[in-house]
Amino acid sequence: MTSIRLNGAFQDAVANITLAVAQDPNLVALVMRWNEDDALLWTLRSLPNGQNTVPGGGAAHAEEALIVNWAGYVAQNNGQEPNIVEILLTKSPCLDRSPERQMLGEAWTRGCSSKLRQFILDKPINDWRICFLAYYQEDIRIEAQAYGAVAEFAGIPQADVYLWADRHRG
């Protein structure tokens, strides 16, 4: 269990996202850093009309935008995959709100938790540190779905997915 390390520009980006969520509780976004290097730091938001980012129409969730833009991040890192990926999500990945999609020449199943799980399993990365500020909810909180989405990551030794409040103060 390795928590996300808060320091430098990553800490500032997390503070900015936390402040944005306080102003807009429906904001769905993520901050990602590679190899604990602030030069490799990105912030992504869900896109209400994300057809240009994620094929298949409708909204593009932040996790989907991460997946389709991954090759660009690798290019920014001199063509190298990271050893460590730290991701702070404003909400836990959804279980079934994002539709099945064709992305990167592959079929991706419904739900961001399934998409992100598939992505993690396909990558040669040793350490995924993923935390979220709150459980995903759509109008009425359905706890079984929120907890079920996070449970999809159980048994993946290289992925540690947890609720922010469980390991961080403030």
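This note goes through a predicted model of one protein chain, point by point.

1. Overall make-up. The chain contains 5 helices and 7 strands. Read from the N terminus, its elements follow the order α-β-β-α-β-β-β-α-β-α-β-α. The chain has 170 residues, and 46% of them count as buried. It exposes about 8400 Å², of which carbon and sulfur atoms supply 47%.

2. Contacts along the sequence. Consider the contacts between residues at least 6 apart in sequence: 66% of these join residues at least 24 apart. One example of two residues distant in sequence is the pair F153 and L121, which are 32 residues apart along the chain and have their C-alpha atoms separated by 9.9 Å.

3. The largest nonpolar core. Which residues have the most contacts inside the largest nonpolar core? They are M32, W34, L66, W70, I87 and W128, in a core of 33 residues. At least two residues of this core come from each of β1 (29-34), β2 (37-45), α2 (62-76), β3 (84-91), α3 (112-122), β6 (127-134), α4 and β7. The largest share, 7 residues, is supplied by α2.

4. W70 and the second core. With neighbours within four places in sequence left aside, W70 is in contact with M32, W34, E81, P82, V85, F119, K123, I125 and W128. Of these partners, M32, W34 and W128 are also listed among the residues with the most contacts inside the largest core. Apart from that core there is a second, separate one of 14 residues, including A13, I17, A29 and Y162.

5. The cavity. The model has 1 cavity of 30 Å³ or more, and the largest cavity has a volume of about 30 Å³. Its lining is formed by V28, H61, E63, S92, P93, C94, C112 and Y136. By type, these lining residues divide into 5 nonpolar, 2 polar and 1 charged.

6. H61, a residue of the cavity lining. H61 is found in the loop between β2 and α2. Is H61 buried or exposed? Its relative accessibility is 14%, and buried means under 20%, so H61 counts as buried. Not counting neighbours within four places in sequence, H61 is in contact with S46, C94, R97, S98, C112 and Y136. Among these partners, C94, C112 and Y136 also line the largest cavity.

7. N35 and E36, in one loop. N35 is found in the loop between β1 and β2, and E36 lies in the loop between β1 and β2 as well. Phi of N35 is near 55°, a positive value in a residue other than glycine. For E36, phi is likewise near 55°, again positive in a residue that is not glycine. N35 counts as partly exposed at 28% relative accessibility, and E36 is partly exposed with a relative accessible area of 27%.

8. F153, in the loop before β7. F153 lies in the loop between α4 and β7. Its relative accessible area is 4%, which means that it is buried. Residues up to four places away in sequence aside, F153 touches P93, S113, L116, R117, I120 and V161. One of these, P93, is also a residue of the cavity lining.

9. Q158, in the loop that also holds F153. Q158 is found between α4 (143-151) and β7 (159-163). Why does Q158 count as buried? Its relative accessible area is 19%, and the cut-off for buried is under 20%, so Q158 falls on the buried side. Leaving out residues up to four places away in sequence, Q158 touches I120, L121, I125, N126, D127 and W128. Of these, I120 is also touched by F153, while I125 and W128 are also contacts of W70.

10. Q80, for contrast. Where is Q80 found? Q80 lies in the loop between α2 and β3. At 48% relative accessibility it is partly exposed, because exposed means over 50% and buried means under 20%. Beyond residues up to four places away in sequence, Q80 touches W34 and V74. W34 is one of the residues with the most contacts inside the largest nonpolar core.

Definitions and conventions: Residues are numbered from 1 along each chain as its sequence is written. This is a predicted model: local features need pLDDT of at least 70, side-chain atom pairs count only at pLDDT 80 or more; totals for chains, interfaces and linings use all residues. Side-chain values use heavy atoms; hydrogens and water are left out. Helices (H or I, at least four residues) and strands (E, at least two) are DSSP runs, numbered from the N terminus. Buried means under 20% relative accessible area, exposed over 50%, partly exposed in between (1.4 Å probe, protein chains only). Contact means heavy atoms within 4.5 Å. A nonpolar core is a set of buried Ala, Val, Leu, Ile, Met, Phe, Trp, Tyr and Cys residues joined through side-chain atoms within 4.5 Å. On a 1 Å grid over the protein atoms alone, a cavity is a set of points where a 1.4 Å probe fits but cannot get out, and a pocket is an open set with protein on both sides within 12 Å along at least five of seven lines; lining residues have an atom within 4 Å of a point. Grid points are joined across faces, edges and corners, and a volume is the space filled by probe spheres set on the points. Ala, Val, Leu, Ile, Met, Phe, Trp, Tyr, Cys and Pro count as nonpolar, Asp, Glu, Lys and Arg as charged, and the others, Gly among them, as polar. Accessible areas come from the Shrake-Rupley method with a 1.4 Å probe; for residues, only the protein chains shown count as cover.
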